[in-house]
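Please open the model in your viewer and keep the sequence panel at hand. The tour below proceeds selection by selection.

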Amino acid sequence: MSDPTSTAGAPVKAQAWITRELGDPTEVLERGVVEVPAPGPNEARIAVEAFCLNFNDIDVIRGRYLTLPLEAPFVPGMESVGVVEAAGPGAEHLLGLRVVGIPVMAHGGYAEHAVIDAATALVIPSWMSSVDGAAMHYPFHLGWFALHERGRLQPGETVLVHAAAGGTGSGALQIAKALGATVIAVAGGPEKVAFCRELGADHVIDHRSTDLFEAVEDITGGRGVDVAFDTVGGATTVATFRCMGFGGRHLVVGFSEDIQLEDGAYLTPRPIAYGNFDLCGVCLVYVNDPMGTRRLLGFNWPSRAEGQAAHARLLEMLRTGALRTVVTRELAFDDIPDGLGAMERRETTGRLVVRL
């Protein structure tokens with residue numbers, strides 16, 4: 001017999017995109033109906049209004065993301081915006097609020113309903129649309145955490161932002177400018193170069209036609225950069241070592257060149273030691289118990305309280321116009337496979353947001 005005082009509710013049916021087998025997202029995703037469970041402890045279920053497409057979604061669907069190895073069938077999707085309709089124990093305070101959050105175990109977001117980890121839930125104010133709430137979430141929170149917390153960026157310093165026209169890079173570019181830095185953006189092709197200039201980059205390097213090191217040397221007068229925001233990995237990371245200034249901070253944020261570089265052995269200590277710069281790991285997940293997470297997994301992740309503090313600062317910068325969301329394409333639910341294909345072909349800029 002169900003508990004009449006429970007706020008968790010019952011399972012619900014939802015339209016969703018299901019990965020029937022691992023492979024090319026344009027081929028293996030199938031529209032269907034799934035049962036979304038009632039939320040458990042410290043979980044909340046939302047009626048989804050919008051969500052973004054992410055490169056990591058592609059890696060999960062292809063089965064190459066070793067950090068999140070899933071067996072088909074499953075619903076992909078790593079972030080969702082919507083109103084909390086049911087809450088498990090410890091998450092009752094979220095009922096009725098419109099939030100953005102990460103689905104439990106970082107999948108299940110490509111659906112009309114999703115169960116999110118309550119530690120990651122951040123309230124979207126009434127003056128912000130759900131589309132903008134989705135678009136601001138990961139780029140700005142990751143950019144803030146990387147540049148402000150891990151990179152200790154100071155006004156007047158110089159920042160190199162790789163993949164600056166992309167969803168994450170476009171957020172980091174803007175945050176670096178808002179923090180008073182000189183920004184050198186790196187992008188591929190004239191359209192993306194122009195896009196970075198529009199976002200406020202002081203200098204833009206087209207990596208398709210220009211040598212990265214020579215360009216950085218010219219721009220900085222041979223001094224190198226203070227901070228590098230690197231979501232690419234691989235050869236780009238190694239090339240960036242030569243661009244680092246004395247005492248610089250190279251932020252290892254992602255591996256869009258190949259997610260399997262997370263577990264690769266392509267880095268050697270010599271250029272780091274001889275370059276006298278810091279190599280800083282960046283992984284952002286807000287958790288209720290950072291010490292418990294450290295004991296269980298060996299990872300150092302920031303607390304929910306730190307996430308809420310960052311959220312307040314980011315919302316204020318968005319409200320005053322110091323930052324702006326970068327939604328370059330809104331997609332219908334049916335268009336998700338095509339959107340993922342365009343992302344994988346590197347044809348997109350900014351954020352692709354699905355509106356339900």
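Two strands are taken to pair if DSSP finds at least two bridges between them. The model on display is predicted.

**The parallel sheet.** Begin with residues 225-230, strand S11, and add residues 244-252, strand S12; five bridges join this parallel pair. Within it, select Asp230 and then its bridge partner in S12, Val252.

Next, extend the selection to the whole open sheet, in which six strands follow the order S10-S9-S8-S11-S12-S13 with parallel pairing. At its edges lie S10 (203-206) and S13 (278-281), each of which pairs on one side only. From one strand to the next, the twist averages 20°.

**The helices on the sheet.** Select residues 130-150 to display helix H3, which packs on the sheet and touches S8 (158-161), S11, S12 and S13. The direction of H3 makes about 150° with that of S11. Then select residues 212-220, helix H6, which also packs on the sheet. The contacts of H6 are with S8, S9 (182-187), S10 and S11, and its direction makes about 165° with that of S10.

**The antiparallel strands.** Move now to residues 80-87, strand S4. How many of its eight residues are buried? Six are, and the strand is thus described as mostly covered. Add residues 43-52, strand S3, which pairs with S4 in the antiparallel sense over six bridges; here Ile46 has Val84 of S4 as its bridge partner. Finally, select residues 98-101, strand S5, which runs antiparallel to S4 and is joined to S4 by four bridges. Gly82 stands opposite Val99 of S5.

Notes. Residues are numbered from 1 along each chain as its sequence is written. This is a predicted model: local features need pLDDT of at least 70, side-chain atom pairs count only at pLDDT 80 or more; totals for chains, interfaces and linings use all residues. Side-chain values use heavy atoms; hydrogens and water are left out. Helices (H or I, at least four residues) and strands (E, at least two) are DSSP runs, numbered from the N terminus. Axes are lines fitted to C-alpha atoms, for helices over the stretch in contact, and angles run from 0 to 180 degrees between N-to-C directions. Contact means heavy atoms within 4.5 Å. Buried means under 20% relative accessible area, exposed over 50%, partly exposed in between (1.4 Å probe, protein chains only).
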